[in-house]
Amino acid sequence: MPVCNNELNKRYGISLTYGKVMALKTPICSFDAKTGVLCSKCEERLRSKDLTQDEVHASIVLTRLAQRYSEVDKITLVTAFKVETDFVLVMRGSDLQLIRTHEAIRAETARQFGARVWMVESDSSDRRFIENLLYPRRVLSVNLIWLPDGNKLTRAILDSNRTSDLGNDLYKIQRIAKKIKDIELLVEHKK
Ligand SMILES: [Zn+2]
């Protein structure tokens, strides 16, 4: 039975991934991500919903990318979601900077996933999460609007007065914000 590195990581706080200190970490063990076949432990986690099919898929694709790009080999993928046809990768905050500005990696990531790929930071505030989705646009402010019926909207104001700037992205960003953080997002432009 293959050894599940994630289990060992959890128990001892160490990475046994080929003895490297810096190596891509994903929700499944690295052996599984490399072979594309889940070990019995990860298979059981998938059955018990401790792991999702989206996380498994993202782990395998990123592991393939890590073989070509050393930057990808440094990241920690926390979780991943498929939202309609797009993929959202949730990673450690510092990791986002490593690959977000790297045009070739972004393009190849989209190609390998066969989808539009969004990257956001884990453990971030709602504001940060919204900034990540709207990147590279600059967000001036984020505030809550309470509706008379008790529901709330989250309004982000962009430092741009071009209303056509977002286009179809706005719809996608709103769907992602709703699915992952249950945020009803409203995006406005600086007047
Ligand atoms: Zn495993």
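**Chat: sheet and cores in a predicted model**

User: Hi! What order do the 3 strands of the open sheet take, and how are they paired?

Analyst: Hi! This is a predicted model, and in it the 3 strands form an open sheet ordered 4-5-6 with mixed pairing.

User: Which ones are the edge strands?

Analyst: Strand 4 (139-146) and strand 6 (185-189), each of which pairs on one side only. From one strand to the next, the twist averages 25°.

User: And strand 4 with strand 5: parallel or antiparallel?

Analyst: Antiparallel, over 7 bridges, with strand 5 covering residues 152-158. Val139, for instance, has Leu158 in strand 5 as its bridge partner.

User: Nice. Which helix lies across those strands?

Analyst: That's helix 7 (residues 126-134), which lies across strand 4, strand 5 and strand 6 and runs at about 125° to strand 4.

User: Switching topic: which residues touch the most other members in the largest nonpolar core?

Analyst: Leu62, Val88, Leu89 and Leu133, out of 30 residues in that core. Elements giving it two or more residues include helix 4 (53-66), strand 2 (86-91), helix 7 and strand 6.

User: Which domains does this core draw on?

Analyst: Domain 1 (5-119) and domain 2 (126-189), with at least three residues from each.

User: What is Leu89 in contact with, leaving aside neighbours within four places in sequence?

Analyst: Leu89 is in contact with Ala58, Leu77, Ala80, Val117 and Met119.

User: And how many residues are in the second, separate core?

Analyst: That core has 8 residues, among them Ala33, Cys39, Leu51 and Val56.

Notes:
Residues are numbered from 1 along each chain as its sequence is written. This is a predicted model: local features need pLDDT of at least 70, side-chain atom pairs count only at pLDDT 80 or more; totals for chains, interfaces and linings use all residues. Two strands pair if DSSP finds at least two bridges between them. Helices (H or I, at least four residues) and strands (E, at least two) are DSSP runs, numbered from the N terminus. Axes are lines fitted to C-alpha atoms, for helices over the stretch in contact, and angles run from 0 to 180 degrees between N-to-C directions. Two residues are in contact if their C-beta atoms, placed from the backbone, lie within 7 Å. A nonpolar core is a set of buried Ala, Val, Leu, Ile, Met, Phe, Trp, Tyr and Cys residues joined through C-beta atoms within 7 Å. A residue is buried if 20 or more other C-beta atoms lie within 10 Å of its own, exposed if 12 or fewer, and partly exposed in between; C-beta atoms are placed from the backbone. Domain bounds come from an automatic or database domain assignment.
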